[in-house]
Amino acid sequence: MYHEDCIFCQIAQRKIPSEIIYEDDKLVAFKDIRPLAPVHLLVIPKSHLGSLNDVTPEHESLIGHLLGVIRRLAQEFGVAETGYRVVTNTGADGGQVVGHLHFHLLGGQALEARIG
Ligand code: AMP
Ligand code: ZN
């Protein structure tokens, strides 16, 4: 599903430019425009889901695939051994700003221990 007003739907459809580093029929991965670490990638489903709250059992294989892609990107970007963090901010209190489900992949430096 494509949401016209959604910036990540627009990125997935290449209607606005971004540094896309991986794409398949289900997912797109691109560089975060305001990186918080030397490696800061975003991985999203192409089809619009607002947040983790919209994920249902029918998305299980999609989410499994997405995590597998994140694991491969961590290797490709050289942080698999040094370590990395995967974050999905959900809703206002979770700090979610963009309303299209996305997974941050952060690494390349020692990240702060606190997550909350
Ligand atoms: P969140 O707070 O989890 O919703 O994070 C949204 C992330 O999307 C932030 O880290 C932003 O820097 C990033 N972002 C917003 N717009 C763009 C864009 N056009 N291209 C790449 N990253 C973006
Ligand atoms: Zn969207």
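## A buried residue in strand S2

Phe-30 has a relative accessible area of 2% and is therefore buried, the cut-off for that class being under 20%. The model in which this value was computed is a predicted one. Phe-30 has its place in strand S2, and, once neighbours within four places in sequence are set aside, Phe-30 is in contact with Phe-8, Ile-11, Ser-18, Glu-19, Ile-20, Ile-21, His-40, Leu-41, Leu-42 and Ile-44. For one of these partners, Glu-19, the C-alpha to C-alpha distance from Phe-30 is 5.3 Å, with the two positions 11 residues apart in sequence numbering.

## Overall architecture

The predicted protein contains 2 helices and 5 strands, and their order along the sequence gives the pattern α-β-β-β-α-β-β. The C-alpha trace spans about 35 × 30 × 30 Å along its principal axes. The radius of gyration is 14 Å, which agrees with the value near 13 Å that a compact globule of 116 residues would have.

Of the contacts between residues at least 6 apart in sequence, 54% join residues that are at least 24 apart. Buried residues make up 38% of the 116 in the protein.

## Nonpolar cores

In soluble globular proteins, nonpolar side chains tend to be buried together. Which residues have the most contacts inside the largest nonpolar core? They are Val-43, Leu-66, Ile-70, Leu-73 and Leu-105, within a core of 17 residues. Two or more residues of this core come from each of strand S2 (27-31), strand S3 (39-45), helix H2 (60-76) and strand S5 (103-107), and H2 supplies the largest share, with 7 residues. A second core, separate from this one, has 9 residues, including Phe-8, Cys-9, Ala-12 and Phe-30; Phe-8 also appears among the contacts of Phe-30 described above.

Val-43, one of the residues with the most contacts inside the largest core, touches Val-28, Ala-29, Leu-66, Ile-70, Leu-73, Leu-101, His-102 and Phe-103 when residues up to four places away in sequence are not counted. Leu-66, Ile-70 and Leu-73, which are among these partners, are likewise listed with the residues that have the most contacts inside that core.

## A partly exposed position in helix H2

Leu-67 is found in helix H2, and its relative accessibility of 43% places Leu-67 in the partly exposed class, because that value lies between the 20% and 50% limits. Leu-67 and Val-86 are 19 residues apart in sequence, and their C-alpha atoms are 9.2 Å apart in space.

## Exposed positions and the surface

Where is Arg-14 found? Arg-14 belongs to the loop between helix H1 (7-12) and strand S1 (20-23), and its relative accessibility of 51% means that Arg-14 counts as exposed, the cut-off being over 50%. The phi angle of Arg-14 is near 55 degrees, which is a positive value in a residue other than glycine. With neighbours within four places in sequence left aside, Arg-14 is in contact with Ile-20 and Glu-23. Between Arg-14 and Gly-95, by contrast, the C-alpha to C-alpha distance is 26 Å, and these two residues are 81 apart in sequence.

Asp-5 lies in the segment before H1 and counts as exposed, at 78% relative accessibility. Asp-5 and Leu-36 are 31 residues apart in sequence and 25 Å apart in space, again taken from C-alpha to C-alpha. For the protein as a whole, the exposed area is about 7,000 Å², of which carbon and sulfur atoms supply 52%. There are 10 positive and 14 negative side chains, and the centres of these two sets lie 5 Å apart.

Technical notes
Residues numbered from 1 in each chain as written. Chains lettered and ligands numbered in written order. Predicted model: local features only at pLDDT ≥ 70, side-chain atom pairs only at ≥ 80, totals over all residues. Heavy atoms only, no water. Helix = DSSP H or I, 4+ residues; strand = E, 2+ residues; numbered from the N terminus. Rg over C-alpha atoms; globule rule 2.2 N^0.38 Å. Buried < 20%, exposed > 50% of the residue type's maximum accessible area, 1.4 Å probe, protein only. Contact = heavy atoms within 4.5 Å. Areas by Shrake-Rupley, 256 points an atom, 1.4 Å probe, with all protein chains shown as cover. Lys, Arg positive; Asp, Glu negative; His and termini not counted. Charge placed at Lys NZ, Arg CZ, Asp CG, Glu CD. Core = buried A, V, L, I, M, F, W, Y, C linked by side-chain atoms within 4.5 Å.
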